[in-house]
Amino acid sequence: MGGCRVLGQAWGGWRRGLGIRATPTAAGFGTKARHQLQRRGASKPSDPPGDQPFPGLLRSETFSREELVDVLRAAVVDLKGPLVTLNKPQGLPVTGKPGELTLVSVLPELSRSLGLGEQELQVVRASGKEASGLVLLSSCPRTASRLQKFFTHSQRARRPTATYCAVTDGIPVTSEGKIQAALKLEHIDGVNLVVPVQSPSRKDIMEGVKRTLSHFRVVATGSGCALVQLQPLTVFPSQLQAHMALQLCPVLGDHTYSARVGAVLGQRFLLPVEGTRPQRQVLDEALLGRLCLTPSQAARLPLHLHLHCLHLPGARPRDPPIELLAPLPSYFSRTLQCLGLHYQ
């Protein structure tokens, strides 16, 4: 429990640490945030589009346990006291079935490689499998419990604690707003899929339908795409992908829910969920040209959804919240360059 005793030092150190700052306001894409993206663990500036369409993309399913531990150790953004922050690669599942290679399955080895001894790490907060970005780990159960209570309380109070960056195929009608939808999980053709529910009844809610809410803000637009800041105010699997599909602006690289968006003569509309199955995202020729991708390469396009920022409570009750920032993956930065999307 030695790590628990230095929690105050860890919070204080974070204010001076790498990729993290204290601020009384919500996360943004201003000058400070841009500078943070080039600090430790940041992607190098993207090279001109070439033979590598997805630079920096890791295929974690091909890793051995030892290789995955090495990758995660290299992905550590900061380590202060009992808390470890890392920048998770896209596609790496956090949890899974027994025997599957996941983030949780290698935490004992990662703990030892970071010199934590018997203080095994546990997950406090993490991005989902298909998303990249921040993972917050703790080697102290008391610290983990405190932070999880903070996240739970913030969720109940509808205070955002997580901010994602996303590139969308399509531009939202409004530059900022909230997306509300009742969602449920359905097992369809052997896959769990998120399905929207219109006007859910009390019985629906009792049977697992959840009212979900996200905030979005368009940061930049170009080439028919948008760089969007997303803040989930509820927690539900694939919530952000489902929400953006409902906005007719699926996330770039979403090979599951983008199929629900149809188009005729440039006009987009939602297809019936019942007759729509997941398929590779289809991009028009102009967008493929801007991204310098062939159709076969586009079929492997990674999901452009990145957990960029987490808010943590200050070391003392009256202290401003602390922001943890994770740099964008190289392939994400390359896409922004190709589309001419810039932070404002």
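Modeller: A residue is called buried when its relative accessible area is under 20%, exposed when it is over 50%, and partly exposed in between. The model we are discussing is a predicted one.

Colleague: With that in mind, is leucine 248 buried, partly exposed or exposed?

Modeller: Leucine 248 sits in the loop between H8 and strand S11, which spans residues 261-264. Because its relative accessibility is 22%, and buried would require a value under 20%, leucine 248 counts as partly exposed.

Colleague: What phi does leucine 248 take, just after H8?

Modeller: Most residues other than glycine have a negative phi. Leucine 248 is not a glycine, and yet its phi is positive. The value, taken just after H8, is about 65°.

Colleague: How many of the residues of H8 itself are buried?

Modeller: The buried residues of H8 include Gln239, Leu240 and Gln241, and further along Ala242, His243, Met244 and Ala245. The helix is therefore mostly covered, since under 20% relative accessible area is what buried requires. Out of its eight residues, the number buried is seven.

Colleague: Leucine 265 also has a positive phi of about 55°; is leucine 265 buried or exposed?

Modeller: Leucine 265 is found in the loop between S11 and strand S12, the latter covering residues 267-270. Its relative accessible area is 85%, and because the cut-off for this class is over 50%, leucine 265 is exposed.

Colleague: Turning to the whole protein, what share of its residues counts as buried?

Modeller: The protein is built with eleven helices and 14 strands, and its accessible surface comes to about 16600 Å², with 51% of that belonging to carbon and sulfur atoms. Of its 344 residues, the share that counts as buried is 51%.

Colleague: Which strand gives the largest share of the largest nonpolar core?

Modeller: This core has 29 residues, and those with the most contacts inside it are Leu136, Tyr164, Leu230 and Leu305. Several elements each supply at least two of its residues, among them strand S5 (132-138), helix H6 (141-156), helix H8 (239-246) and strand S13 (305-312). The largest share, four residues, comes from S13.

Colleague: Which helix gives the most residues to the lining of the largest cavity?

Modeller: The structure holds one cavity of 30 Å³ or more, and the volume of the largest cavity is about 30 Å³. Its lining consists of Pro53, Phe54, Leu291, Leu293, Leu301, Tyr331, Arg334 and Thr335, which divide into six nonpolar, one polar and one charged. Three of the lining residues come from the stretch 330-339, which is helix H11.

Colleague: How far apart in space are glutamate 176 and phenylalanine 216, C-alpha to C-alpha?

Modeller: Glutamate 176 is found in strand S7, residues 176-188, and is partly exposed with a relative accessible area of 44%. Leaving aside neighbours within four places in sequence, glutamate 176 is in contact with His215, Phe216 and Arg217. Although glutamate 176 and phenylalanine 216 are 40 residues apart in sequence, their C-alpha atoms are separated in space by 5.5 Å.

Colleague: Across the protein, what share of the contacts between residues at least 6 apart in sequence joins residues at least 24 apart?

Modeller: The pair just described, glutamate 176 and phenylalanine 216, lies 40 residues apart in sequence and is in contact. Among contacts between residues at least 6 apart, the share joining residues at least 24 apart is 70%.

Terms used
Residues are numbered from 1 along each chain as its sequence is written. This is a predicted model: local features need pLDDT of at least 70, side-chain atom pairs count only at pLDDT 80 or more; totals for chains, interfaces and linings use all residues. Side-chain values use heavy atoms; hydrogens and water are left out. Buried means under 20% relative accessible area, exposed over 50%, partly exposed in between (1.4 Å probe, protein chains only). Contact means heavy atoms within 4.5 Å. Accessible areas come from the Shrake-Rupley method with a 1.4 Å probe; for residues, only the protein chains shown count as cover. On a 1 Å grid over the protein atoms alone, a cavity is a set of points where a 1.4 Å probe fits but cannot get out, and a pocket is an open set with protein on both sides within 12 Å along at least five of seven lines; lining residues have an atom within 4 Å of a point. Grid points are joined across faces, edges and corners, and a volume is the space filled by probe spheres set on the points. Ala, Val, Leu, Ile, Met, Phe, Trp, Tyr, Cys and Pro count as nonpolar, Asp, Glu, Lys and Arg as charged, and the others, Gly among them, as polar. A nonpolar core is a set of buried Ala, Val, Leu, Ile, Met, Phe, Trp, Tyr and Cys residues joined through side-chain atoms within 4.5 Å.
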